[in-house]
Structure formats: C-alpha cells, structure tokens
Amino acid sequence: MTIELKNLNKSYGKKSVLTDVNLEIKTNTFVMLRGVSGSGKSTLLSIIGGIEPATSGEVIIDGRNVSSLKGKERVDFYRHKVGFIFQGFYLQPQLTIAENIALMGCFAGVPRAERHERAKKLAEDLGIADVLDRLPAEISGGQAERTCAARALFMNPEIILADEPTNNLDPENAKNVIEMLQKIWRDTNTTMIVASHDPMVEKYASQVVSVQEGHVSSDMKAQED
Ligand SMILES: Nc1ncnc2c1ncn2[C@@H]1O[C@H](COP(=O)(O)OP(=O)(O)O)[C@@H](O)[C@H]1O
Ligand SMILES: [Mg+2]
C-alpha cells in the first residue's frame with residue numbers, strides 16, 4: 001500500500017496550510033509526522049485519510065488517484081483501507097467497549113454475530129477482553145487507548161493514522177502507547193502514520209516526515225533493530 005502525494009496544496013480560504021507537498025510512503029512503513037503545533041500535521045493526516053479534500057494536487061493510494069473517487073465508492077474505499085486513532089478518544093459514552101470497537105462494522109453492514117466475534121478477538125489481542133461489557137466511563141485511560149486501537153483495526157485497514165496519540169500522557173504511558181502501535185504495526189503489516197511533536201516517537205519510526213509551516217521533507221532512517 002504505497003501512498004503518494006503529488007504537488008499537493010491545501011488552503012482554508014486565503015490561508016495556505018500545505019504548500020506543494022510531494023511525498024512517497026512505501027508499504028509497511030512506520031512513519032512519524034513531526035512538526036510543531038500548527039505546522040499542518042493533522043491537515044495532512046485528514047487529506048491522506050480522505051476526511052478533507054486537498055485544494056489541488058493528487059493523492060495516490062495503491063496506484064489509484066483517490067482524489068477522483070466520489071460517493072459510495074469513496075466511502076467504501078476508505079472504510080476498508082484506513083483506520084483512524086484520533087487525538088482524544090471519542091469513544092461513544094453510551095456504547096459498551098465491544099460496541100465501540102465494532103462501530104465501523106455497524107456502518108459497513110457486518111452481521112451482529114460476526115461483529116461480536118471480531119470485537120472479542122481484537123480485545124483479546126490487545127488485552128482488554130475483560131472490559132468488553134463496560135462503558136467508556138468505567139475503564140482506565142490505558143484501556144481506552146487500547147479500545148481506540150481495536151476500533152481502528154476493526155475493518156482490517158492497510159493504513160493506520162494516529163493523531164498525537166501520546167498527547168497529554170506522562171512519559172511512561174506515552175511509551176506504552178507507542179509500543180502498542182509498534183506491535184500492531186509489526187503484527188498486521190499495516191502502514192502506520194503517527195503525527196506527533198514528541199521527539200520520543202522518532203526512534204520507533206522508519207521514515208520521519210517533517211512538516212514546517214506547510215512544507216514537507218522526508219528522511220528514511222536506518223532501522224536500529
Ligand atoms: N478547518 C480549518 N479552518 C481554518 N484553518 C484551519 C482549519 N484546520 C486547520 N487550520 C489551520 O491550519 C494550520 C495547520 O493546522 P493543523 O493541521 O491542525 O496543524 P497541527 O496538527 O500540526 O497542529 C493551523 O494554522 C490551523 O489554524
Ligand atoms: Mg494536530
């Protein structure tokens with residue numbers, strides 16, 4: 001699953017946020033999107049994930065120019081390709097952990113019994129099987145992070161996008177979250193893109209993409225292990 005951005009620009013009104021971005025991300029890469037607050041990381045993730053359209057330029061995923069996808073075709077494409085782990089958690093407070101994990105399956109018409117089986121399997125993999133019947137308010141912060149990761153994995157995406165997943169965490173919990181993402185990346189062969197201003201994330205990444213005032217530059221790193 002290669003991701004290519006070509007001559008990409010994004011503006012909000014007159015404000016240019018991303019300027020002539022050219023970037024290639026090869027399949028199964030762990031990418032850190034690095035940059036200070038306001039540099040354009042979340043915007044870039046939203047464009048890659050199909051949430052925001054670019055103002056101009058091309059987004060090519062798996063050899064397909066996805067900028068031209070419309071309607072149901074577009075929804076189906078992203079639903080099976082991309083899993084999001086958002087900043088903050090956005091778990092649905094009235095749904096159980098099992099129902100939160102399986103939420104995308106609901107929209108995609110996955111039958112109830114199958115949804116339950118898949119949610120259970122993911123919860124076991126991530127060590128949260130014992131809280132499946134609880135509500136988000138009844139679990140710990142670490143369990144909520146695992147729930148979000150399980151929810152992102154539910155449709156077996158090939159790309160996982162995580163926006164500032166270590167924000168507001170103390171160093172030990174930040175390390176736990178990144179190591180969880182690293183394990184998911186290794187176990188599932190996904191392309192993992194993590195936006196973060198936390199320098200600690202860099203040592204887990206195989207490609208570091210720097211975003212500076214809307215300009216993007218990329219470095220491949222030699223793997224340490
Ligand atoms: N919906 C929007 N409307 C107008 N400006 C926006 C919008 N989203 C982001 N921006 C602006 O784009 C710039 C980049 O934002 P963002 O991508 O969120 O940066 P980062 O995630 O690196 O902090 C900021 O100046 C921000 O104010
Ligand atoms: Mg952001």
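A residue counts as buried here if 20 or more other C-beta atoms lie within 10 Å of its own. Keep that in mind as we walk through this predicted model.

Q: Which residues of α1 are buried?
A: Helix α1 is largely enclosed by the rest of the structure, because seven of its eight residues are buried. Going by the count of C-beta neighbours, the names are Lys41, Ser42, Thr43, Leu44, Leu45, Ile47 and Ile48.

Q: Which element gives the largest share of the shell around ligand 1?
A: The shell is made up of Tyr12, Lys15, Val17, Gly35, Ser37, Gly38, Ser39, Gly40, Lys41, Ser42 and Thr43. Two elements, β2 (15-25) and α1 (41-48), each supply two or more of these residues. The largest share is three residues, and it comes from α1.

Q: How many residues of the shell around ligand 1 are polar?
A: Glycine is counted with the polar residues here, and the shell includes Gly35, Gly38 and Gly40. Two residues of the shell are nonpolar and two are charged, while the polar ones number seven.

Q: What phi does Gly50 take, just after α1?
A: Gly50 follows directly on helix α1, and its phi is positive. The value is about 80 degrees.

Q: How far does α5 reach from its first C-alpha to its last?
A: Helix α5 covers residues 112-125, which makes 14 residues. At 1.5 Å a residue, the expected reach is 20 Å. The model comes close to that, with a reach of 20 Å.

Q: Why do the buried residues of α5 lie on the same side of the helix?
A: The residues in question are Arg115, Arg118, Ala119, Leu122 and Ala123. They sit on the same side of α5 because, around the axis, they cover an arc of only 135 degrees.

Q: Which exposed residues are on the face of α5 turned away from its buried side?
A: The buried side packs against α3 (97-101), α4 (103-107) and α6 (141-153). The face turned away from that buried side carries two exposed residues, Ala113 and Glu114.

Q: Is Arg112 buried or exposed?
A: Arg112 belongs to helix α5. To count as exposed, a residue may have 12 or fewer other C-beta atoms within 10 Å. Arg112 has 10 such neighbours, so the verdict is exposed.

Q: How far apart in space are Lys121 and Phe154, C-alpha to C-alpha?
A: Lys121 is another residue of helix α5, and with 13 C-beta neighbours inside 10 Å it counts as partly exposed. Along the sequence, 33 residues separate Lys121 from Phe154. In space, their C-alpha atoms are apart by 9.9 Å.

Q: How far apart are the end C-alpha atoms of α6?
A: Helix α6 has 13 residues, so at 1.5 Å a residue it should span 18 Å. The model agrees with this, as the end C-alpha atoms are apart by 19 Å.

Q: What covers the buried residues of α6?
A: The buried residues of α6 are Glu145, Arg146, Thr147, Cys148, Ala149, Ala150, Arg151, Ala152 and Leu153. Their cover includes β6 (82-85), α3, α4, α5, β7 (159-163) and α7 (171-188).

Q: Which strand has the highest mean pLDDT among the elements of the chain?
A: Over the chain, pLDDT averages 92, and 97% of the residues score at least 70. Helix α2 (residues 71-81) has the lowest mean of the elements, 89. The highest mean, 97, goes to strand β3 (residues 30-34).

Terms used
Residues are numbered from 1 along each chain as its sequence is written. Chains are lettered from A and ligands numbered from 1 in the order in which they are written. This is a predicted model: local features need pLDDT of at least 70, side-chain atom pairs count only at pLDDT 80 or more; totals for chains, interfaces and linings use all residues. Helices (H or I, at least four residues) and strands (E, at least two) are DSSP runs, numbered from the N terminus. The expected span of a helix is 1.5 Å times one less than its number of residues. The arc is that of the directions from the helix axis to the C-beta atoms. Two residues are in contact if their C-beta atoms, placed from the backbone, lie within 7 Å. A residue is near a molecule or strand if its C-beta atom, placed from the backbone, lies within 6 Å of it. pLDDT is the predictor's confidence in each residue, from 0 to 100.
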